[in-house]
Amino acid sequence: MTPEVIKSIAAGMTIVLGGMFPAVAIGKLAAKAMESIGRNPESASKIQTPMILAVAFCEAIAIYSLVMALIIKFV
């Protein structure tokens, strides 16, 4: 294996793992939030803001992994 192949595999694994786990986390988070809103519809406004913040933090992890994959690939 050449160093370029190893760098490509490492970059690919970084974006795969960095995209997969935040996606699972967002899915679970949204499912639980919808379940909570379904049980108590009056609490929708109280649940919505923390849910959006948590989704943003999960997305930040995916963006960090994308940046790391680009750094691995091109540096």
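This is a short tour of two helices and one salt-bridge network in a predicted model.

**Stop 1: helix H2**

Select residues 44–74. This is helix H2, 31 residues in all. Put a distance between its end C-alpha atoms: they are 44 Å apart. At 1.5 Å a residue the helix should span 45 Å, so the two values agree.

**Stop 2: the buried residues of H2**

Stay on H2 and show side chains. Which residues of H2 are buried? They are Met51, Cys58, Ala62, Ser65 and Ala69. Colour these five and look at what lies over them. The cover includes helix H1, residues 3–39.

**Stop 3: Ser65**

Now centre on Ser65, in helix H2. Its relative accessible area is 8%. Ser65 counts as buried because that value falls under the 20% cut-off. Which residues does Ser65 touch, leaving out those up to four places away in sequence? Select Thr14, Ile15, Gly18 and Gly19 to see them.

**Stop 4: Lys32 and Glu35**

Move to helix H1 and select Lys32 and Glu35. Side chains of opposite charge can pair when their charged atoms come close. Lys32 forms a salt bridge with Glu35 here, and the closest N and O atoms are 4.0 Å apart. The two residues are three apart in helix H1, which separates them by about one helical turn. An α-helix has 3.6 residues a turn, so residues three or four places apart point the same way.

Switch on the surface. Is Lys32 buried or exposed? Lys32 is exposed, at a relative accessible area of 53%. Glu35 is partly exposed, at 35%.

**Stop 5: Glu35 and Arg39**

Keep Glu35 and add Arg39. This pair also forms a salt bridge, with the closest N and O atoms 2.9 Å apart. Glu35 and Arg39 are four residues apart in helix H1, again about one helical turn. Arg39 is exposed, with 68% relative accessibility.

**Stop 6: the network**

Show Lys32, Glu35 and Arg39 together. Salt bridges link these three residues in a network. Glu35 is the shared partner: it pairs with Lys32 and with Arg39. How many salt bridges are counted in the model? The count is two.

**Last view**

Zoom out and show both helices. On H2, find Ser65 among the buried residues. On H1, find Glu35, partly exposed, and then Arg39, exposed.

How values were computed: Residues numbered from 1 in each chain as written. Predicted model: local features only at pLDDT ≥ 70, side-chain atom pairs only at ≥ 80, totals over all residues. Heavy atoms only, no water. Expected span 1.5 Å × (residues − 1). Buried < 20%, exposed > 50% of the residue type's maximum accessible area, 1.4 Å probe, protein only. Contact = heavy atoms within 4.5 Å. Salt bridge = Lys/Arg side-chain N within 4 Å of Asp/Glu carboxyl O.
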